Structure formats: C-alpha cells, structure tokens
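Thanks for sharing this one with me. Below are some notes to read alongside the structure, as numbered points.

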Amino acid sequence: MKANKLAVLVIAYAVAFGALSFAFSQPSYVNTPQQGFKSFSSTATSYGNVVILQNGTLSDPSAPIAISGDVYTLTSDMAGSITIERNNITLDGAGYTIDNQSASGGFGVMLNNVNLVTVTDIVVVNLSGDYSSQSRGIYLISSNNNTITGNSVSGGVYGIKLDSSNNND
C-alpha cells in the first residue's frame with residue numbers, strides 16, 4: 001500500500017513540476033505555431049507612432065510595412081504603435097509583433113475615424129499602464145463597420161476598446 005501511495009506522489013509531483021515548468025518557460029504573448037503568430041524579437045526597431053495617412057502614405061516610410069494596393073502588411077516586429085486614418089484598407093500583421101513598451105499614447109493599433117478597415121493577425125505586447133492611463137491593445141474611436149480578427153493582445157487595461165464606434169466585428 002505504501003509503495004502505491006509513493007508511486008502516486010511521485011507521478012503527481014512529476015506532472016505538477018512539468019506543468020509549472022512549462023507555464024514559466026512560455027511568455028504569455030508567444031502564440032503557438034498553429035495560430036500563425038511568430039515569436040517576438042527583442043531587437044525590434046522603434047518607430048514611435050506610425051500613421052497610415054488618409055492619402056495612403058506612411059508617416060514614417062522606413063516603418064516595416066509593405067503596401068500593396070489597399071493591403072498594408074507588417075514585414076517584421078516593431079516597437080511603437082500604428083494609427084490608421086485611411087478608410088477601406090487591411091492591416092495584416094502577418095503574425096508579427098508590435099511592442100508598445102516604449103511608445104507613447106497607450107495603444108498598439110488605433111483606428112481613428114475610419115470605416116471598412118480590417119485589422120488581422122497582429123500580436124500587441126507590453127502595453128503598460130493602469131486604469132488612469134487607459135492603455136489599449138486595439139482602439140477604435142469614431143470608427144464604424146470595421147473587422148478586427150485573429151489578433152493577440154497582452155498587458156494593459158483593455159484588449160480591444162471601442163469609443164463612439166458601431167457595427168464592428
């Protein structure tokens with residue numbers, strides 16, 4: 001009987017230790033390959049807040065965003081944030097990460113008074129702040145009929161926040 005109890009304790013310890021070891025070894029913002037997200041590179045270049053302007057150009061042409069028609073695709077991880085001011089576009093993160101740790105503004109991606117925008121496949125990490133700073137992973141303000149899908153947000157107060165925004169998926 002004592003041998004059985006000892007075996008059960010050894011197995012329970014091994015399972016618990018293995019599970020805890022796994023939990024502590026995996027950063028919360030790294031998604032599994034099945035989700036299609038890439039892991040974040042700590043060497044990402046800082047761009048501050050990159051704006052996709054109403055005319056379709058980027059406020060910082062050196063930002064890692066490729067433009068093909070109305071599709072804007074991240075080409076690498078970046079530190080900072082993205083503001084979208086252009087209607088009828090897709091921002092495809094291609095599984096790359098936006099590290100907001102050093103950016104001002106308290107958001108990863110903001111849709112500012114736009115319609116018919118799709119934001120997909122972006123990982124937003126290192127949002128900092130408390131309820132007074134209102135940090136947001138993806139923030140829609142006065143933006144309607146948009147689609148937010150397949151994204152991941154960690155840290156901050158709100159994952160996705162909508163202010164004066166309607167009919168969004």
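1. **Overall make-up.** The chain has 1 helix and 13 strands. Reading from the N terminus, the order is α-β-β-β-β-β-β-β-β-β-β-β-β-β, with the helix leading and the strands following. Please keep in mind that this is a predicted model.

2. **Burial and surface.** The chain has 169 residues, and 37% of them count as buried. The accessible surface comes to about 9000 Å², and carbon and sulfur atoms contribute 54% of that surface.

3. **Contacts across the sequence.** Consider the contacts in the chain with a separation of 6 or more: what share of them joins residues 24 or more positions apart? The share is 59%. Leu111, in the next point, gives you a concrete example to look at, since its C-alpha lies 6.2 Å from that of Ile141 although 30 residues separate the two in sequence.

4. **Leu111.** You will find this residue in strand S7, which covers residues 107-112. Is Leu111 buried or exposed? Its relative accessibility is 0%, so Leu111 counts as buried. Beyond residues up to four places away in sequence, Leu111 touches Ile84, Val117, Val119, Tyr139, Leu140, Ile141, Ser143, Asn146 and Ile148. Try displaying these side chains together with Leu111.

5. **Asn100.** This residue sits in the loop between strand S6 (97-99) and S7. Asn100 counts as buried because its relative accessible area is 3%, which falls under the 20% cut-off. What lies 2.5 Å from a polar atom of the Asn100 side chain? The partner is the backbone oxygen of Phe107. Leaving out neighbours within four places in sequence, Asn100 is in contact with Gly80, Ser81, Gly106, Phe107, Gly108, Val125, Asn126 and Leu127.

6. **Asp70 and Arg86.** Side chains of opposite charge can pair when their charged atoms come close. The count here is 2 salt bridges. One of them joins the side chains of Asp70 and Arg86, at 3.8 Å from N to O. Asp70 belongs to the loop between strand S2 (65-68) and strand S3 (71-74), while Arg86 belongs to the loop between strand S4 (78-84) and strand S5 (90-92), so the pair ties together parts that are 16 residues apart in sequence. Asp70 is partly exposed, at 40% relative accessibility, and Arg86 is also partly exposed, at 22%.

7. **Lys161 and its partners.** A salt bridge also links Lys161 with Asp163, and here the closest N and O atoms are 2.9 Å apart. Are these two residues buried or partly exposed? Lys161 counts as buried, at 16% relative accessibility, whereas Asp163 is partly exposed, at 23%. Lys161 also lies over the face of Tyr158, 5.0 Å from the ring centre.

8. **Rings and charges.** Arg136 and Tyr139 are worth displaying as well: the charged end of Arg136 sits over the Tyr139 ring, 4.1 Å from its centre. Tyr139 has come up already, as one of the residues that Leu111 touches. How many aromatic pairs are there? The count is 0.

Note on methods:
Residues are numbered from 1 along each chain as its sequence is written. This is a predicted model: local features need pLDDT of at least 70, side-chain atom pairs count only at pLDDT 80 or more; totals for chains, interfaces and linings use all residues. Side-chain values use heavy atoms; hydrogens and water are left out. Rings of Phe, Tyr and Trp (its six-membered ring) pair if their centres lie within 6.5 Å; planes under 30 degrees apart count as stacked, over 60 as edge-to-face and the rest as tilted. A charge sits over a ring if NZ of Lys or CZ of Arg is within 6 Å of the ring centre and within 35 degrees of the ring normal. Helices (H or I, at least four residues) and strands (E, at least two) are DSSP runs, numbered from the N terminus. Buried means under 20% relative accessible area, exposed over 50%, partly exposed in between (1.4 Å probe, protein chains only). Contact means heavy atoms within 4.5 Å. Accessible areas come from the Shrake-Rupley method with a 1.4 Å probe; for residues, only the protein chains shown count as cover. A polar contact is a pair of N or O atoms within 3.5 Å; within protein, one must be able to donate a hydrogen and the other to accept it, and residues adjacent in sequence count only if both atoms are side-chain atoms. A salt bridge is a side-chain nitrogen of Lys or Arg within 4 Å of a carboxyl oxygen of Asp or Glu.
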